[in-house]
Amino acid sequence: MATTGKETPSRPCSVCESVVWFELQPEDVWATPHHATRRALEASAKSCRLCGMILRAAISNYRDSQGRRNGKGYWRRFNAIKYDDGKSVRDITYVKELGACMPASLADDNKDFGRSVLAATGIITADGLHVDDDREVPNIESLKVGEEESADLPVWLYGNWWSAHAPSGPGDTSHLRLMGVGARFGKTRSHFDAVSCKPDQAHIRGSSLGICTSDDSLFNQIPGRLREMNSDSDIAINRLEKWLKDCSLNHPFCGSPPLDPKLPTRVIDVFASDRGVTVVGSLGRSGRYVTLSHCWGTSSRLMATKESMKDLEQGIAVSFLPKTFQDAIKITKRLNIRYLWIDCLCIIQDDPDDWEREASAMSQVYRNSYLTISAAASQDSYSGCFPKRDGDSYVSPATISLGYTTPREATGPRSHSMVYEHTSQPGKKNTVYLFEEWLPGSSYYFPQKTEMGTFGKLFDPIADEPLSTRAWTLQERLLSPRIIHYARDQMYFECESCMNSEDGFKFGDIYFGMQRLLQTQRIPHNQHGLSSSAGLSFIVGQDAGGIQPGVRWQGGWLSLIENYTMRNLTVRQDKLTALAGVARALAEETRDLYFAGLWGRHLMEDLCWRMYPQEEIDDRRDAKNTPVKGKVLGTVRRPTEYRAPSWSWASLDGPVRHIPLSYSKLVSTIIKCSTIPAGKDPYGRVSGGRLDIQGPVFEVKPHDPKRWDRHGVPVEIDLEDERGISIGALHLDLPSEPIHYPCYALFLDPSKALILQSEELEPKHNIEGTDAAKTLASKPILTTCDVNRNVAENPQMKDYMFKAIHDVVRIGVGVFVKADKKSLDPAVEEKEPEPWDEAKDGKLTLDKILHVSGADSWGPITKEDAKVWVSIV
């Protein structure tokens, strides 16, 4: 098949001109005819750019249905339904093609369709992302129908209509939004007759052409917009003002911004003079103000000091200020707001008392702000707020969510624009743009929702911006009720209700918001950890919860810490201080106790963290799991000065992940927790801490498996009863350091344990029973097996409380499973799994398959195991 690669004239052919693009029907309704044959479309594509786009869209509609898109597999969703075609009712399966990333949720606007089933068509990672594979996919020429017949197949067009909200009632279409246009080859206009479609299936393959319109367009059913190349343009400012107005009027969760909030201690008066600004003391006054979140950078910068404060109060020309500050002043003036707060100009940087006082008030400064300006793309104070964009090519948020990197070029050579007049306003020109971009399809009966996460992964669109690498800016973003991000690709407006991208996508389930954080901090005990409705897991050692096992991973404190520990600090001792504003705000709202980054009401869940310096991928080809290392996320270091107790993530530098617990099966109990503040702020630095906890304790020993199929160091524990040996994966807090035995596992639930070691040292005992005086080892601590032996010898001690004599420190976490005796027997060779023989073994049912469901655990420990009181420092 011939397709032209060079740019063709922009005027469309008569067939394309006759199409009313914004009235195309959904994919599973009657399609609109285009060219009568594939041959005719190919011929027209030589002179009609739009026909060339439609040709490529129709080819990809078939090609991608073979299980691969952009060189990798993707997810398919299946729904078995009763289909009424007006003549009869029959059983069919809706097959919807999704992206390479597993969707965060499968919410569609339907009530009558049964449970959805997801299936992968390729190789996936542990977090549900398909990776590249080299399988060949047939092209359109290898159709099973003959060459001549395939060449004569007609071309059909359809619209990709998604749902912005639930319909108000039967027949209501006000909720539908046109997201794209699709094309397919088929014998008739019915989707059942599309190429490569089985008679008992309805394939929803999506659209390969994106669509957008201008801001003043009357086609309200098209949400897509062109991004502005210059974020300080009138259109960009108008978009910001529209977002602010919409948030104030239509977001009950956000509410209207306060009209007269108390001003911070010092603010910048942007209207002080025509060409200058002044730093003024608020003296308890009130008024609206804007805040700036920015990267300071390493170059010399203007800042408030004891010496420069007088000059700043007398006034300074805007032209003398760094470019980022100038742009922030410009935005504040355009919004007609008098005051602006910038940290380095409103806090006296060389006055420790002023710095600590103002740092502790940070939560109120950002929470009471009318708007926070996020200079997301700026490397330093001199880069400016508005990034320079040279070309129209960028990867849209939807494409990233789907797991692809194909750029969108809405005005490039593979795009086309059309001008229409709307019947409501004759004479007004409305421009509609078509361009190449694939989006998942949408059924007429259960339309796809427009929110991010319902068709692909949830992600933070500014995660890779320079501002997101700085630890201090996390709480600035989180505390701000409204924030405008000037990112490298486009503008994003974020509030407590949602996040909107400039090109028309909506992030409804955002992870950065105080309201969401507060909600997750107020959950009852039974909503912690793994959910009882989490599904099934057939992989030994892997929980059923997936990549987001509990609510505190979804915009809660745990996801906050995982994000925060990926960021950089110039002053390493600020690890807790840079998050103190958020901690203070949460404590004031919830009345919970805060212990060096962990919360009293959630302490057990907060304790189960691990260092995660590199992505961990599970390659499950050939019915075996092979652990593979992926992208390096950071480096793990222990600070040179004491910063936090060993049980706190703040004691180390490096990326952190939390491991979910089976909360209904907890085997440990917190006795007491305390920390010692190092300054006046109880949410800032600490000089000490202690955790007293009681639970089953077992000595950890090295394990030497024939083949290790998990991430982490192989270890084992001997339960000294009929349960025998349990093997586990140990994740060290400092992965680069060797393990020094003896060490111990204190179990929190049946499988997850803190790995501990005594602080006290003694001469190492040799195998012969002698001491190696020059080699020191950690002293042993009391274990559950020791307790069992004592109770066996002295039954009256059964109800005693047993306490380890020596204080211990945490050195890692472990995940243990019930031992498979075959895996421990060196004489048993590893064999390929055999297929199920129904004639021999009977019908295969769930109870015959090794699995866990919901909050169940693979672990061997029970609540009946004897407990030891341990003090961790």
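Biologist: Let's start with helix H13. Which elements do its buried residues pack against?

Modeller: Keep in mind that this is a predicted model. Here the buried residues of H13 (514–521) pack against three helices and a strand: H12 (472–479), H14 (557–564), H15 (580–590) and S23 (598–599).

Biologist: How many residues of H13 are buried?

Modeller: Burial is read from relative accessible area, with under 20% as the cut-off. By that test, 6 of the 8 residues of H13 are buried, leaving the helix mostly covered. They are Met 514, Arg 516, Leu 517, Leu 518, Thr 520 and Gln 521.

Biologist: Two of those neighbours, H12 and H15, come up as a pair too. At what angle do their axes cross?

Modeller: The general idea first: two packed helices are described by the angle between their axes and the distance between the axes. For H12 and H15, the crossing is at roughly 40 degrees, and the axes come within 8 Å. H12 brings Gln 475, Leu 478 and Leu 479 to the contact, while H15 brings Ala 580, Gly 581, Val 582 and Ala 585. Sorted by class, that contact has 5 nonpolar residues, 2 polar ones and no charged ones.

Biologist: On to the sheet. In what order do its strands come?

Modeller: Read it from one edge to the other: S12-S10-S9-S13-S11-S14-S17-S18-S19-S20, which makes 10 strands in an open sheet with mixed pairing. The edges are S12 (316–317) and S20 (506–507); each has a single partner strand, so one side of each lacks a neighbour in the sheet.

Biologist: Which helix packs on that sheet?

Modeller: That's H5 (residues 234–250), which touches S14 (371–374), S17, S18 and S19 (499–501). The direction of H5 makes about 15 degrees with that of S18.

Biologist: And how do S17 and S18 run, parallel or antiparallel?

Modeller: Antiparallel, with 5 bridges joining S17 (residues 482–486) to S18 (residues 491–495). Take Tyr 486 as a case: its bridge partner in S18 is Met 491.

Biologist: Now the rings. How many aromatic pairs does a search of the whole structure find?

Modeller: There are 22. To class a pair, look at the angle between the planes: over 60 degrees counts as edge-to-face. Tyr 404 and Trp 438 are edge-to-face, at 80 degrees and 6.4 Å centre to centre. Tyr 404 sits in the loop between H11 (397–402) and S15 (415–421), and Trp 438 in S16 (residues 429–439), so this pair ties together parts 34 residues apart in sequence. Both Tyr 404 and Trp 438 are buried. For contrast, the planes of Tyr 594 and Trp 599 are at 50 degrees, with ring centres 4.7 Å apart, so that pair is tilted. Ring pairs also link Tyr 83, Phe 192, Tyr 444 and Tyr 445 into a cluster.

Biologist: Which residue lies over the face of Trp 609?

Modeller: Arg 810, at 3.4 Å from the ring centre. Elsewhere, Lys 803 has its charged end over the ring of Trp 869, 5.5 Å from the centre.

Biologist: Last one, a loop residue. Is Tyr 663 buried or exposed?

Modeller: Buried, because its relative accessibility is 8%. Tyr 663 lies in the loop between S27 (656–658) and S28 (669–677). Leaving out residues up to four places away in sequence, Tyr 663 touches His 525, His 528, Gly 529, His 602, Met 604 and Glu 605. With Glu 605, the separation is 58 residues in sequence and 8.4 Å in space, C-alpha to C-alpha.

How values were computed:
Residues are numbered from 1 along each chain as its sequence is written. This is a predicted model: local features need pLDDT of at least 70, side-chain atom pairs count only at pLDDT 80 or more; totals for chains, interfaces and linings use all residues. Side-chain values use heavy atoms; hydrogens and water are left out. Two strands pair if DSSP finds at least two bridges between them. Helices (H or I, at least four residues) and strands (E, at least two) are DSSP runs, numbered from the N terminus. Contact means heavy atoms within 4.5 Å. Axes are lines fitted to C-alpha atoms, for helices over the stretch in contact, and angles run from 0 to 180 degrees between N-to-C directions. Buried means under 20% relative accessible area, exposed over 50%, partly exposed in between (1.4 Å probe, protein chains only). Ala, Val, Leu, Ile, Met, Phe, Trp, Tyr, Cys and Pro count as nonpolar, Asp, Glu, Lys and Arg as charged, and the others, Gly among them, as polar. Rings of Phe, Tyr and Trp (its six-membered ring) pair if their centres lie within 6.5 Å; planes under 30 degrees apart count as stacked, over 60 as edge-to-face and the rest as tilted. A charge sits over a ring if NZ of Lys or CZ of Arg is within 6 Å of the ring centre and within 35 degrees of the ring normal.
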